[in-house]
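Here are some comments on the sheets of this entry and on the helices that lie against them, set out as numbered points.

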Amino acid sequence: MNQTTPNTPLRDVLYAFALAKAKPDAELLDEYVRRYPSHAAVLTDFAIEMVLDAAKDELEDASKPTALEVTPTVSRVMSHFQNRLFDVRRAVMTGAGHTSGSVVPVANPFAMLDRKAFRELTRILQANPVFMAKLRDREIDPGTMTDGFQRRIAEETKAPLDLVAAHFGARSEVCAGQFYKADEKPTAASKQSFEEAVKTSGLTEEQQRYLLSL
Amino acid sequence: MEAFEPIRDIAARLHAELVSTGADPFKPMDLTEAAIRKLELELVWLEPENPALKGARALFDGQSGAVICENSAEPGDRAQLVAHEIGHACIHSSSSFCASADIDPSRSTEAAPVGLQRVEDYGARERRELQANVFAREFLLPRSLARRLHIDEAWGVTKIAERTGLSKHLIRQQTFDALLLPPPPEESTVAAPRRPRFDGSQDRAAAHRDSAFQLQAGPGTGKTRTLVKRVLSLLREGVDPAAMLVLTFSNRAAGELAERLASTVPDAAPHIWIGTFHAFGLDLVRRYHDSLGLSADPPLFDRSDAIEVLEEILPTLPLIHYRNLWDPAMVLREIVAAISRAKDEMTDPARYRALAQAMLDAARDDDARVAAEKCLEVAHVYELYEQALRKYGGVDFGDLIMRPALLLESSPELQTIVQLRHRHVLVDEYQDVNRASGRLLKAIAGDGKRLWVVGDSRQAIYRFRGASSANMALFSAEYENAAVDRLSINYRSSSQVIDAFQAFAQRMGASTGMLPLALNADRGSGPALPQIRVFDMLDQEEEGIAASIRELEGAGVKLRDQAVLCRSNKRLNEIAAALEARGIPVLHLGSLFEREEVRDLLAILSLAVDRFGDGLARIGAMPRYALPLQDVYLVTRRLREADQKALDVLPDLASTTGLTPEGAAGLTLLAQDLVGLPASSSAWEFLSAYLLDRSGLVREMAQREAITDRMRSVAVWQFLNFVREQSPTRSGLLIRRTLDRVRQLVLLAEERDLRQVPAAAIHLNAVRLMTVHGSKGLEFEAVHIPGLTVSSFPTSNRGQRCPPPLGMIVGAETLTIAEESKQSQEHEEQCLFFVALSRACTYLRIYRARFQENGNKRSPSPFLAWIPKERAVEIDNPPTLLLPPGVPRLTPIQISQASVDQITDSRLSLYDKCPRRYFYTHVLGLGSARKATAFSRTHDCLYKLIDWLADTRRTGNPTVADAEAAFEVMWQARGPTDHGFAAEYRRLASRLISALIRFGAGQRFRDSEPLAIDFPNGRVIVKPDEMAELPNGTVILRRVRTGKKRHSDEYDRLDYTLYQLAGESRFGSGFEVHALHLTDEISEPVEITSKKLQNRRANSDLMLKSISAGQFPTKVDSVTCPRCPHFFICAATPMGRLALP
């Protein structure tokens, strides 16, 4: 974990986190959150998922012979992480919506914009806050977006195209779900098609025409 | 200042600014659109089902600065949605997501602190939503506007709703807030917070890392501040606020901490989980509901729900020692408390049974056997109760801690997950930890490396929840390498006050195992030593407190900075009345449902559901209606004959023959005020319409400014706030449910939290009156503590009705149950006195009286001897403040009656129990049939049978079979044959019938003739249940009771004395009085000493005299009053004479 810096991409952070200890604990999680505060929520969810996976694996391991080359722990962590990476890549390659229930942490190119910048981007795209929130919160099926649209987003947010694609491909996020209480998490809806998203965002005819032309 | 006031201020200013620039205050949409423009926000409307709303009705996107809102509702409602989101934008600046449950701009600023409201509604998120709701309400209809419209323009709610399109709920709540709560204080009345210097002990505690840490924080040492410092230091280190869990034991503490953190770290605070153990337990229950076999949102059962569940299955409960046929709720109340206590000790039914069985196995004498059998009974009820809870899929308060604790203990995986989520645990008020919360905490905090707790064992005053100071001392044993430290500077009190409570602390049981208390006074020396003021009589104590308060006021201590702290609510009420009578305003609500203005509203409500209209007996006394007593008598007679709903007959009552013109006018006005209000609506809607649209009573109240009047308004506000909440488990007419709930809450003593004065009234310049329990966490410039006499403070140990099985209380295994109970009671009393002493900043005054009312000596409290002589000055017979002349006293009711020369024994007994009840029942003839339960119906059948037997035995000798046959006829006609457990009740009746016959065997019964006793002031007629003759000619007068024999005081009841006196006057010495108790099958002679007999004879005569003189004072009793048919009308009486036919 010493090789990582605050600007390290999230996937590297998680990779390092996954390998740092056989089983994540509060100390380790605190340490990573301290270093990467913007990923606090993702790291916490990731750690919890590792615990759940480990429990599941332990159940399975009990009925399997132990591999000789690597310790079961390392093997488990590696396979856990590879699975995650595969999910991300698949999302990027195919533009398919995420289907499994687990967390795929992907950086959000919209997250760092302040209100002024966000509104400016809204204006440039001739969109409105509802449509922009759908883009930010990954609510549109990337498979239904044109390449041109994704390229345009990458251009305007000054983010690499594969990051933008990974963003759209990741699981929908509920932006306001910051208050962790079991009964109050709004559920993320299934993804809309690009056209549907344009049509149901309260946009004017003109705005709709423009966005669909990109 | 009240926490919501700044928010209201922002909202009202925004409203005023927009109106001044042209927005129309009567067009809410206009206002909200103007606000959107002014705040440079964006507003987007979407169809309700639009997925972008994600099921919310409205949301605020902090990043884009947009309010996104569904466009379905009417403009007024839409404005409310938008205004709520503007509230989030203005106050919180971060995104919000508001489902329909979140947006209710009519929501009250204070949750009614009864039942389940105690658990919910205190989280940071709920608080944000409430703030946005209050903002919306104040923005759309500022209180100043509501006041102007209702008072100056005399607009009712309906008119305001028509003109603005706002919901009536919002307008009502806002009008109540504007008119019933006192206006907010001027800025200058709010004391600036003291800024303590650098404090090494606080900073050291805040900075502790890498092991469990317990901070022992004496009074006034800044424990909350230290906890906030700890949070700040963690945040500075980069700890994720969402990883912090701050737990408290009281909602008040949770609310205060949430406020403090929100003002210190506004960005981080909403992410920190702050709340009570119970609220956190509920969160865990919801998170892991499937592992617990519960639904996602299981119904929560409070104590009255639990009793209701048990009442349903009552006949199946195997009760012998705890059997109480007539009044099962009273026993169930004790058993439910015992079950709750078991859950506090993590004892499930199986363990409870095992412990009880072990007791039985080890029992060597009768007492031990009975104690064990009682525990086994409770164990059995506990099992059935848990089955019933499971059937409903519900959880109770105890489950909220015990079930998550057991779940986490059994699942290392879940434990790890919870520990990862909540990595830094901070606990406030740690002295209140009990076994269950301690185990839950252990499961969350694991090795405790990031656990930080603060508390003061000397302030452990929640013994009934299983909290004991010993738990605090066990911390080091629970957590390896735990560090323990203390705070050393007191910022509150003068050195004299500190010296006094520190000296007391040295002898406290709660000091065992704690670091010694060694506080330095930050404020240095004060102007005076604590005083102990000694009087002869209790009345003088009240007069002396009044004088003392005025004296300190003269020395510059404002009334609002003085507090009277009492050990009991009863004494508090007496002192409150004494101070008010002397013109000293007090901030004290007392028992809410016993206040006159609240009872007026209860009586109004009762008219909606009581067809006999008994409420008129109180309503007639309201100045607005001013019905003469005679008129009330006439119309209540008429209502009884009419046999229609009282509200339907109301318009015709003014034409009742014989009414005075004033009475007719009052009834006409009452009809105008009430007719047409739907009896099927909720109590809140019914009363809101009555108060705001019809009677204009709130308008009148709002214009009175004396503090006593303001307190009346506050009481009405508090009551309305209470009736807004409906219990989810009951069925039937809503108003009936509210009235039943009031009785139930009083009976179970669950209404205590409603005595707490709402925050919006705290700034009134009046002396604060509260129990010592209620003063926890507060401080006052001057503290007055009355009643420091033996058995008042400390109170004597009353023992436990339902003691736990031996071995259940962990840590007390070496003591017997009685010893444990006694010891913990003693410790708690000491803690209470310590809390009381340490509330004082500068002036501490303790009071006591030397003599009892009967002239016997009253010893000082042993606690006084614990304060060394040089630490407090004793003053004998200090100044008193006498009652000013002309203060009204209770005047007798003038009654003329055609014949009042005799009275039955049962009526005299009723007068003895409560003269006022006698007046309502037998003079005015009020009292609808009591709510018939299966028990009361069985009981009534049995009394019919006793009458039948008395009659039949004169001529024959009925067998059990005869009696059964006769009873069966009565049973079919009147018994609870339609009840689910009819067979059980019938079996029970058979058992009692057989006892009744068995105990009559061999006796020769005679006609049970009425016997007269002549007193100087009248004649009493006694009709014995049974009269028999022994072979030697001795007459037996036998009183038959279906229940059990009460303990030592059974034969002190007046009934037996009257039997005795009647026997003497009829038979001279050739008779005996016997009693037959059917349930425990005891028949025995009644022994009454001649002295008692003499006293009661004199007393009976005195009662007869009082009845003739129209004297009907109330006898308030926490158990009988809430079950009295006249509970809602007592004790007001209309003016004038009463002439009875």
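The points below take two sheets of chain B in turn, and they concern a predicted model.

1. Seven strands of chain B make up an open sheet with parallel pairing, and their order across the sheet is S17-S18-S16-S19-S20-S15-S21. At its edges lie strand S17 (586-587) and strand S21 (873-876) of chain B, each of which pairs on one side only.

2. Within this sheet, strand S16 (residues 562-566) of chain B runs parallel to strand S19 (residues 780-785) of chain B, and three bridges join the two. As a point of register, B:Ala563 has B:Val783 in S19(B) as its bridge partner.

3. Two helices may be described against these strands. Helix H23 (residues 569-581) of chain B lies across S16, S17 and strand S18 (767-771) of chain B, and runs at about 165° to S18(B). Helix H33 (residues 817-837) of chain B lies across S16, S19 and strand S20 (840-849) of chain B, and its angle to S20(B) is about 130°.

4. An open sheet of three strands, in the order S23-S26-S25 (chain B), has mixed pairing. Its edge strands are strand S23 (902-904) and strand S25 (1011-1015) of chain B, and the twist from one strand to the next averages 25°.

5. The parallel pairing of S23(B) with strand S26 (residues 1018-1022) of chain B extends over three bridges, and here B:Thr904 stands opposite B:Ile1021 in S26(B). Helix H34 (residues 905-913) of chain B packs on this sheet, where it touches S23 and S26 of chain B and makes about 80° with the direction of S23(B).

6. Helix H39 (residues 1054-1067) of chain B lies across S25 and S26 of chain B, running at about 95° to S25(B).

Definitions and conventions. Residues numbered from 1 in each chain as written. Chains lettered and ligands numbered in written order. Predicted model: local features only at pLDDT ≥ 70, side-chain atom pairs only at ≥ 80, totals over all residues. Heavy atoms only, no water. Pairing = 2+ DSSP bridges. Helix = DSSP H or I, 4+ residues; strand = E, 2+ residues; numbered from the N terminus. Contact = heavy atoms within 4.5 Å. Axes fitted to C-alpha atoms, helices over the stretch in contact; angles between N-to-C directions.
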